[in-house]
Amino acid sequence: MNEEIIKLEKLTKRYGYGDAESFALKDFDLTIKRGEFIMIMGPSGCGKTTLLNIIGLLDRATSGKYLLNDENVASISSAKQSRIRAKKIGFIFQNFNLIEDLPILENVALPLIYVGMPQSVRLRTASAALKRFHLGEKEYYYPYQLSGGQQQRAAIARAVVSNPEIILADEPTGNLDSRASYAVMDELKRIHEEGNTIVMVTHNPALTVYATRVINMLDGQIATDVKTVTDENLPQPIDVKVKKKKSRMKRRRH
Ligand SMILES: Nc1ncnc2c1ncn2[C@@H]1O[C@H](COP(=O)(O)OP(=O)(O)OP(=O)(O)O)[C@@H](O)[C@H]1O
Ligand SMILES: [Mg+2]
C-alpha cells in the first residue's frame, strides 16, 4: 500500500558556470509515498522553491532522475510535462496568483480547460469546488474584493478542482494572519485526509503539526528528515479504501 509516487535521485540544479557556478539543489535524493503530507523548511535560498518547481514540472533539473508514478519525467518534452502537470499536480502559491480581471469562479475553472471539459461543465465543477471551500456566495467576486484568506481558499479550490493527486504549496500561509493561516491549513488537512499527497514549504514551525513528515533543507541538500506518522497510518485514497472494503466483504462471505 501507499506506493512511491515521486522518486528523486541525485537531482541537481546548477546556476551559472565556472566562478559563478552555484547549486540550488545538489545530489538531492527523496522518495515520496502516496498520502504523505511533507513540510519543507530551511533558511532563505536553501532551494525549497527550486525543489517544488522541479517536482511540479515548472522547472527542470540540470541532472539527475525524477520518477513520477514510475515514469522518468525529467527528460520528456515540455508539452508532455504540461499535460502531466495538468492531470496530476495542483499548485498553491504564497501570493495566490489569481488572475485579477477574472471572477473567482472563472479563476477556479481555468485548470479544467487543460483537461478538456466543455465550458458549462467547467463552471459547474468550479462552482462546486468553491462551495467546498465556503466561497459559494463569492463566485462572481473579483480577487481584489476578497480578503487574503478568501483569496487563498479560492486558490486552493483552483489547485484541487481537477482532482490532482499531488498538491504543491509554496509558503501558502506566508501572506496571511494567524487566523486565516489556520483556516487554510484546515482545508489542506481535509484534502490530505482524502488521500492526497501534499508537499508544502513553510517558514512557520508551528504548522508542522499538520505534517506526516518534516524535512529541513540546507544548501540544496536534506539536513534532517523526520517522519511523524508511520507509512501504514498514512491516509488511503478514497478509491483504494472502497476496494479494500469490498475485498474485506468478499473475504467475510467465504
Ligand atoms: N534564476 C536563477 N538564477 C540564478 N540563481 C538562482 C535562480 N533562481 C534561484 N537561484 C538561486 O538558487 C538558490 C535557491 O533558491 P530558492 O528560490 O529555491 O530558495 P528558497 O529556499 O525557496 O528561499 P526562500 O525561503 O527565500 O523562498 C538561491 O541561492 C537562489 O539565489
Ligand atoms: Mg522560496
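**How the labels were earned**

Me: What makes the pair between K48 and ligand 1 a polar contact?

Reply: In this predicted model, an oxygen atom of ligand 1 sits 2.7 Å from an N or O atom in the K48 side chain. A polar contact is a pair of N or O atoms within 3.5 Å (within protein, one must be able to donate a hydrogen and the other to accept it, and residues adjacent in sequence count only if both atoms are side-chain atoms), so the pair qualifies. T50 gets there too, with a side-chain N or O atom 2.5 Å from a ligand 1 oxygen, and a polar side-chain atom of H203 is 3.0 Å from one. On its own ligand 1 exposes 640 Å², and the protein buries 56% of that (Shrake-Rupley areas with a 1.4 Å probe; for residues, only the protein chains shown count as cover).

Me: Any ground rules for these numbers?

Reply: Residues count from 1 along each chain as its sequence is written, while chains are lettered from A and ligands numbered from 1 in the order written. Because the model is predicted, local features need pLDDT of at least 70 and side-chain atom pairs pLDDT 80 or more, though totals for chains, interfaces and linings use all residues, and side-chain values use heavy atoms, with hydrogens and water left out.

Me: How do you know which residues belong around ligand 1?

Reply: A residue counts as near if one of its heavy atoms lies within 4 Å. That picks out Y15, A24, P43, S44, G45, C46, G47, K48, T49, T50, E171 and H203. Helix α1 (48–55) gives the largest share of that shell, three residues.

Me: What is the make-up of the shell by class?

Reply: Four nonpolar, six polar and two charged residues. Ala, Val, Leu, Ile, Met, Phe, Trp, Tyr, Cys and Pro count as nonpolar, Asp, Glu, Lys and Arg as charged, and the others, Gly among them, as polar.

Me: Why is α1 called mostly covered?

Reply: Buried means under 20% relative accessible area, exposed over 50%, partly exposed in between (1.4 Å probe, protein chains only). Six of the eight α1 residues pass as buried: K48, T50, L51, L52, I54 and I55. Across the protein, 46% of the 254 residues are buried.

Me: What makes β3 a covered strand?

Reply: Five of the five residues in β3 (37–41) are buried. F37, M39 and M41 cover one face, I38 and I40 the other.

Me: How do you know which strands β3 pairs with?

Reply: Strands pair if DSSP finds at least two bridges between them. β3 has four to β8 (197–201), running parallel, and four to β9 (213–218), also parallel. I40 faces V201 in β8 and has I215 as its bridge partner in β9. Helices (H or I, at least four residues) and strands (E, at least two) are DSSP runs numbered from the N terminus, and the protein has seven helices and ten strands.

Me: Why do β2 and β5 count as edge strands?

Reply: The open antiparallel sheet runs β2-β1-β4-β5. β2 (22–33) and β5 (71–72) each have a single partner strand, so one side of each lacks a neighbour in the sheet. Further in, β1 (4–15) and β4 (63–68) share five antiparallel bridges, with K7 opposite L67 in β4.

Me: What makes the radius of gyration agree with a compact globule?

Reply: The rule, over C-alpha atoms, is 2.2 Å times the number of residues to the power 0.38. For 254 residues that gives a value near 18 Å, and the protein has 19 Å, which agrees.
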